[in-house]
Amino acid sequence: MNSLSPASAINIMRGISSFGGDAKRPQEGDDPKPPPKHRREEIDLPIGSRPPISFNVLLKDLDVHGYYILLSLFTTESLDYINKNSSSIATTKLNMPGSDKQICILDSAHSEANILAERDMDRAQWTEAAQNYVKFMGIVGTPEDVARWTSHFGFLVTYEKAEKNFPALLRTDVMLRQAYNMQGFSFKRDFYQEQLNNELVLLRIDKKLKLCSAEWKPAIETRPPATPLSLRRGSRGGGDRGGRGGGSARGGARLIGKGGPFQEGSGGDASSTVCLICTRRGHYYSACTQNSFEDGSPLFCRISGNNISTIRSNETLCCLWNVKCDKVSCNHDNLRRHLCSFCGGGHHAFSWTCRKQPAY
Ligand SMILES: [Zn+2]
Ligand SMILES: [Zn+2]
Ligand SMILES: [Zn+2]
């Protein structure tokens, strides 16, 4: 090229650019030229650090289109899984409103079944997911969004006795994020405390129920051993790799899906529980679908939200009082009544005054 004059070099370039003749000449309406290529931005990673977390476009799409985003997709393990399997991961095709275009949105039910369900997160997973979620907000949202979710998780994650209260904290978190997705609302500490208090009461009731159930347990253990999480989760088999923080809390046996009000550690088995509504064994009152007692007589109560209410007068009854195993201290004033949930009498339901205790 040294011997070429500037003019002849320009001519050669012109020759190259016109190669292919008129057929290649840009026409009006042609697609615009692709943008010039840039080298991707790089950062320095210190020795011993993990590669930075990256949020898959599938997650960003959920946010852009206003869909509820499962927090369980934000554990580092879930984020890795989505990134590695994004081409084969289950999505739902949806029509864009006001357009004939379709979008592919991550299938929530499938994600909960195959990656991780929100209500199955343990405390370590939940804390990690919360941190990653706030980072995600820093990418897709505004500084106000980051502040909003920092307040949300800050209140819940650092709440007193977080280990003991964890099931109530998680339920409050999920409930409030789901509600927020329908209608945004500002963070108010008092409002959060009120919502959490409801869940804390339910947690106390659940613990009493388990305590009562444990007392009725026959001498010989008849329940099948709980299946480890890693065996039930088909495709992933995670939990054995260890390494990352919080490993000690993982992999514990836990029930999935129905049951509740809570599924806590290995003690969350509904099979030994007796229903406060229908007296049948094997489900929590919150999962009761019966219409009558086993002898065919009509029920006295029904489930109403998280509470038990009388069918005739729609009065809320105190579950804690009804499952009484020891002294009950209630602070609900007149909001819940101390009446038997089987008959409305002045005795505890689980005193088995008006109904026969179900056999094992
Ligand atoms: Zn029932
Ligand atoms: Zn009470
Ligand atoms: Zn009764």
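**The zinc ion (ligand 3) has a tetrahedral arrangement, because the four donor atoms around it subtend angles of 98 to 114 degrees.** The site is shown as it appears in a predicted model. Three cysteine sulfurs, the SG atoms of C340, C343 and C354, act as protein donors together with NE2 of H347, and these atoms lie 2.1 to 2.3 Å from the zinc ion (ligand 3). Read along the sequence, the donor residues of this ion follow the spacing C-x2-C-x3-H-x6-C. Two of the donor residues can be set side by side for exposure: H347 is buried, its relative accessible area being 19% where the cut-off for buried is under 20%, whereas C343 counts as partly exposed at 35%.

**T353 is an exposed residue, with a relative accessible area of 54%.** This view turns to a residue in the segment that follows α10 (319-322), which is where T353 lies. Although 13 residues separate T353 from C340 in sequence, the distance between their C-alpha atoms is 9.4 Å, and C340 is one of the residues that donate to the zinc ion (ligand 3). The side chain of T353 also makes a polar contact of 2.7 Å with the side chain of S351.

**The protein donors of the zinc ion (ligand 1) are C275, C278, H283 and C288.** The cysteines contribute their SG atoms and the histidine its NE2 atom, at 2.1 to 2.3 Å from the ion. The angles that these four donor atoms subtend run from 101 to 115 degrees, and the arrangement is therefore tetrahedral. Here the spacing of the donor residues in sequence is C-x2-C-x4-H-x4-C. Both C275 and H283 are buried.

**Strands β3, β4 and β5 form an open sheet in that order, with antiparallel pairing.** In general, the strands of a sheet pair through backbone hydrogen bonds, and the pairing may be parallel or antiparallel. In this sheet, β3 (301-304) and β5 (316-317) stand at the edges and each has a single partner strand, so one side of each is left without a neighbour in the sheet. Strand β4, residues 307-310, is joined to β5 by two bridges, while four bridges join β3 to β4. I308 can be followed across the sheet, since it stands opposite I303 on the β3 side and has L317 as its bridge partner in β5.

**Two hairpins connect the strands of this sheet, one formed by β3 and β4 and the other by β4 and β5.** In the hairpin of β3 and β4, two residues stand between the strands, and G305 in the turn has a positive phi of about 65 degrees. In the hairpin of β4 and β5, five residues stand between the strands, and N314 takes a positive phi near 55 degrees.

**Helix α3 (residues 76-84) packs through its buried residues against α2 (57-64) and α5 (123-140).** The buried residues of this helix are T76, E77, S78, L79, Y81 and I82. In an α-helix there are 3.6 residues a turn, so residues three or four places apart point the same way.

**D173, in helix α7 (residues 166-182), is buried with a relative accessible area of 0%.** The side chain of D173 is joined to that of R177 by a polar contact of 2.8 Å. When neighbours within four places in sequence are left aside, the residues in contact with D173 are L71, W126, H152, F153 and L156.

**The whole protein, shown as the setting for the close-up views, contains ten helices and five strands.** It has 360 residues, of which 36% count as buried, and its accessible surface comes to about 21700 Å², with 53% of that area belonging to carbon and sulfur atoms. Among contacts between residues at least 6 apart in sequence, 60% join residues at least 24 apart.

Terms used: Residues numbered from 1 in each chain as written. Chains lettered and ligands numbered in written order. Predicted model: local features only at pLDDT ≥ 70, side-chain atom pairs only at ≥ 80, totals over all residues. Heavy atoms only, no water. Donors = N, O, S within 2.8 Å, 3.2 Å for Na, K, Ca; no water. Tetrahedral: all angles 85-135°; square planar, octahedral: opposite > 155°, others 65-115°. Buried < 20%, exposed > 50% of the residue type's maximum accessible area, 1.4 Å probe, protein only. Contact = heavy atoms within 4.5 Å. Areas by Shrake-Rupley, 256 points an atom, 1.4 Å probe, with all protein chains shown as cover. Polar contact = N/O pair within 3.5 Å; in protein donor to acceptor, adjacent residues only side chain to side chain. Pairing = 2+ DSSP bridges.
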